[in-house]
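Here are my notes on the model, point by point. Please read them with the structure open.

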Amino acid sequence: MSFLLKIKNSEEIREIPNDNYTIKDLLDELSLSAQTMVSKQNGELVIEDTVIQDDDEIQLVQIIYGG
């Protein structure tokens, strides 16, 4: 089972290591923080507890702070 990961200007197919693999697991694996990223699953905003399914498209978008 696999999913498409889109982050910045790159796309890659990644394997799903277990049945309960979440957005949080992915962020931890990539050493990214949920506080600095917005996560989308198949075009919809999702929370970090969302389980990644086979053939999902996961997009991670960096939040830009300014002032």
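**Notes on the predicted model**

1. Start with I58. Leaving aside its neighbours within four places in sequence, I58 is in contact with F3, L4, L5, K6, I23, L26, K40, Q41 and I52. Bear in mind throughout that this is a predicted model.

2. I58 also belongs to the largest nonpolar core. That core has twelve residues: F3, L5, I7, I16, Y21, I23, L26, L27, M37, I52, I58 and L60. Which elements each supply at least two residues of this core? They are β1 (2-7), α1 (23-29) and β5 (57-62). As background, nonpolar side chains in soluble globular proteins tend to be buried together.

3. Next, the sheet. Its five strands follow the order β2-β1-β5-β3-β4. The sheet is open, and the pairing is mixed. β2 (10-15) and β4 (44-46) stand at the edges. Each has a single partner strand, so one side of each is left without a neighbour in the sheet. On average, neighbouring strands of this sheet are turned by 30° against each other, direction ignored.

4. At one edge, β1 and β2 pair in the antiparallel sense. Six bridges join β1 and β2. The two strands form a hairpin, with two residues between them. In this pairing, S2 of β1 stands opposite E15 in β2.

5. S2 deserves a separate look. Is S2 buried or exposed? At 18% relative accessibility, S2 counts as buried, because the cut-off for buried is under 20%. Leaving aside neighbours within four places in sequence, S2 is in contact with I13, R14, E15, I16, Q53, D54, D55 and D56. One of these, E15, is also the residue opposite S2 in β2.

6. Please check the hairpin turn. K8 lies in the loop between β1 and β2. K8 has a positive phi of about 55°, although K8 is not a glycine. Most residues other than glycine have a negative phi. K8 is exposed, with a relative accessibility of 78%.

7. S31 calls for a similar check. S31 is found in the loop between α1 and β3. S31 is not a glycine either, yet has a positive phi of about 55°. At 68% relative accessibility, S31 counts as exposed.

8. Now the other edge of the sheet. β3 (residues 37-41) and β4 run antiparallel. Three bridges join them. Which residue in β4 is the bridge partner of K40? The partner is L45. K40 also appears among the contacts of I58. M37, a residue of β3, is part of the largest nonpolar core.

9. How many salt bridges does the structure hold? There are five. Three are taken up here, beginning with the bridge between K24 and D28. Its closest N and O atoms are 3.1 Å apart. D28 and K24 are four residues apart in helix α1, so about one helical turn separates them. K24 is partly exposed, with a relative accessible area of 34%. D28 also counts as partly exposed, at 46% relative accessibility.

10. K6 and E11 form another salt bridge, with the closest N and O atoms 3.7 Å apart. K6 is partly exposed, with a relative accessible area of 24%. E11 counts as exposed, at 54% relative accessibility. K6 is also one of the residues in contact with I58. Salt bridges that share partners join K6, E11 and E57 into one network.

11. R14 forms a salt bridge with E12, the closest N and O atoms being 3.4 Å apart. Is R14 buried or exposed? R14 is buried, with a relative accessible area of 15%. E12 is partly exposed, with a relative accessible area of 38%. R14 is also among the contacts of S2.

12. To sum up, three places merit a look in the viewer. See I58 with its contacts, including F3, I23 and I52. See the hairpin of β1 and β2, where K8 in the turn has a positive phi of about 55°. See the network that joins K6, E11 and E57 through salt bridges with shared partners.

Terms used
Residues are numbered from 1 along each chain as its sequence is written. This is a predicted model: local features need pLDDT of at least 70, side-chain atom pairs count only at pLDDT 80 or more; totals for chains, interfaces and linings use all residues. Side-chain values use heavy atoms; hydrogens and water are left out. Two strands pair if DSSP finds at least two bridges between them. Axes are lines fitted to C-alpha atoms, for helices over the stretch in contact, and angles run from 0 to 180 degrees between N-to-C directions. A nonpolar core is a set of buried Ala, Val, Leu, Ile, Met, Phe, Trp, Tyr and Cys residues joined through side-chain atoms within 4.5 Å. Buried means under 20% relative accessible area, exposed over 50%, partly exposed in between (1.4 Å probe, protein chains only). Contact means heavy atoms within 4.5 Å. A salt bridge is a side-chain nitrogen of Lys or Arg within 4 Å of a carboxyl oxygen of Asp or Glu.
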